[in-house]
Amino acid sequence: MVTFPSQSEAAAASRGGGAGITAAVLALLGGLFHLVGVAGGAVLLAGDGDLGRSLLTFATHLVLAAALITGGVGLVLAKEFGRVATIIGAAAALFVYVLVLVLGAFGVYFLGLLDGDVPLGYVGVLCVPAIGTLVLACLPPTGRWVTQGWS
């Protein structure tokens, strides 16, 4: 006689590692992207005549990189702080990307963008992994992952 596990048994067996690890990888990749932005912000600080825009670009990338890398490492370690940092970092990144679009419409450019048109496609592409990271980090299986861990 073949028996199938009930839904609660299947949920208990699945610790959510797939969602948690995928969110961690996306967070780490997002953090690396923003580390490149930190370097770009440093270059802007050295050569751009607009100190305010350069500082804003540098600081924004630095904060996002720190949050996403901390979150990604924490999720790999299956720690609750990693999930929280990933959610905060991904939500902050989405907020910044939307802010780039809104401010760009009014002629205010930052995050490495120079005066001119804000590339809508570029910002849209940036939003896709940030949304994926946020959704995966918020899923209940990721919550189980950080409470039950690797064991």
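The expected span of a helix is 1.5 Å times one less than its number of residues. For the 31 residues of α2 this rule gives 45 Å, and the end C-alpha atoms of α2 are 45 Å apart, so the two values agree. The structure is a predicted model.

## Overall architecture

The chain contains six helices and zero strands. Along the sequence the pattern reads α-α-α-α-α-α. Of the 151 residues in the chain, 37% are buried. Among contacts with a separation of 6 or more, 70% join residues that are 24 or more positions apart. The accessible surface of the chain is about 8200 Å². Carbon and sulfur atoms account for 76% of that surface.

## Helix spans

The table lists three helices with their spans between end C-alpha atoms and the values expected at 1.5 Å a residue.

| Helix | Length | Span | Expected span |
|---|---|---|---|
| α2 | 31 residues | 45 Å | 45 Å |
| α3 | 26 residues | 37 Å | 38 Å |
| α5 | 19 residues | 27 Å | 27 Å |

In α3, which covers residues 51-76, the distance from first to last C-alpha is close to the expected one. For α5, residues 120-138, the span agrees with the expected value.

## Helix α2 and its packing

Helix α2 runs over residues 17-47. Its buried residues are Ala19, Gly20, Ala23, Ala24, Ala27, Gly30, Gly31, His34, Gly37, Val38, Gly41 and Leu44. These buried residues pack against α3, α4, α5 and α6.

Leucine 35 also belongs to α2. A residue is buried under 20% relative accessible area and exposed over 50%, with partly exposed in between. Leucine 35 has a relative accessibility of 39% and therefore counts as partly exposed. Together with Val25, Leu29 and Leu32, Leu35 makes a nonpolar surface patch of about 360 Å².

Leaving aside residues up to four places away in sequence, leucine 35 touches Ala65 and Ile69. Leucine 35 and alanine 65 are 30 residues apart in sequence, and their C-alpha atoms are 5.7 Å apart in space.

## Helix α3 and the loop after it

Threonine 60 is located in helix α3. Threonine 60 counts as buried because its relative accessibility is 12%. A polar atom of the threonine 60 side chain lies 2.6 Å from the backbone oxygen of leucine 56.

Just after α3 comes alanine 78, with a positive phi of about 60 degrees. Alanine 78 sits in the loop between α3 and α4. Most residues other than glycine have a negative phi. At alanine 78, by contrast, phi is positive in a residue other than glycine. The relative accessible area of alanine 78 is 8%, so this residue is buried.

## Helix α4 and the loop to α5

Helix α4 covers residues 80-105. Alanine 92 is a residue of α4. With a relative accessible area of 29%, alanine 92 is partly exposed. The C-alpha atoms of alanine 92 and leucine 68 are separated by 9.7 Å, and the two residues are 24 residues apart along the chain.

Tyrosine 109 is placed in the loop between α4 and α5. Its relative accessibility is 16%, so tyrosine 109 counts as buried. Tyrosine 109 and threonine 57 are 52 residues apart along the chain, with 9.5 Å between their C-alpha atoms.

## Helix α5

The buried residues in α5 include Val123, Leu126, Cys127, Ala130, Thr133, Leu136 and Ala137. The buried residues of α5 pack against α2, α4 and α6, the last of these spanning residues 140-148. The buried residues of α2, in turn, have α5 among their packing partners, and α4 and α6 are also among the partners of α2.

Technical notes: Residues numbered from 1 in each chain as written. Predicted model: local features only at pLDDT ≥ 70, side-chain atom pairs only at ≥ 80, totals over all residues. Heavy atoms only, no water. Patch = residues over 30% accessible without salt bridge, like charges linked within 9 Å, V, L, I, M, F, W, Y side chains within 5 Å. Areas by Shrake-Rupley, 256 points an atom, 1.4 Å probe, with all protein chains shown as cover. Salt bridge = Lys/Arg side-chain N within 4 Å of Asp/Glu carboxyl O. Helix = DSSP H or I, 4+ residues; strand = E, 2+ residues; numbered from the N terminus. Buried < 20%, exposed > 50% of the residue type's maximum accessible area, 1.4 Å probe, protein only. Contact = heavy atoms within 4.5 Å. Polar contact = N/O pair within 3.5 Å; in protein donor to acceptor, adjacent residues only side chain to side chain.
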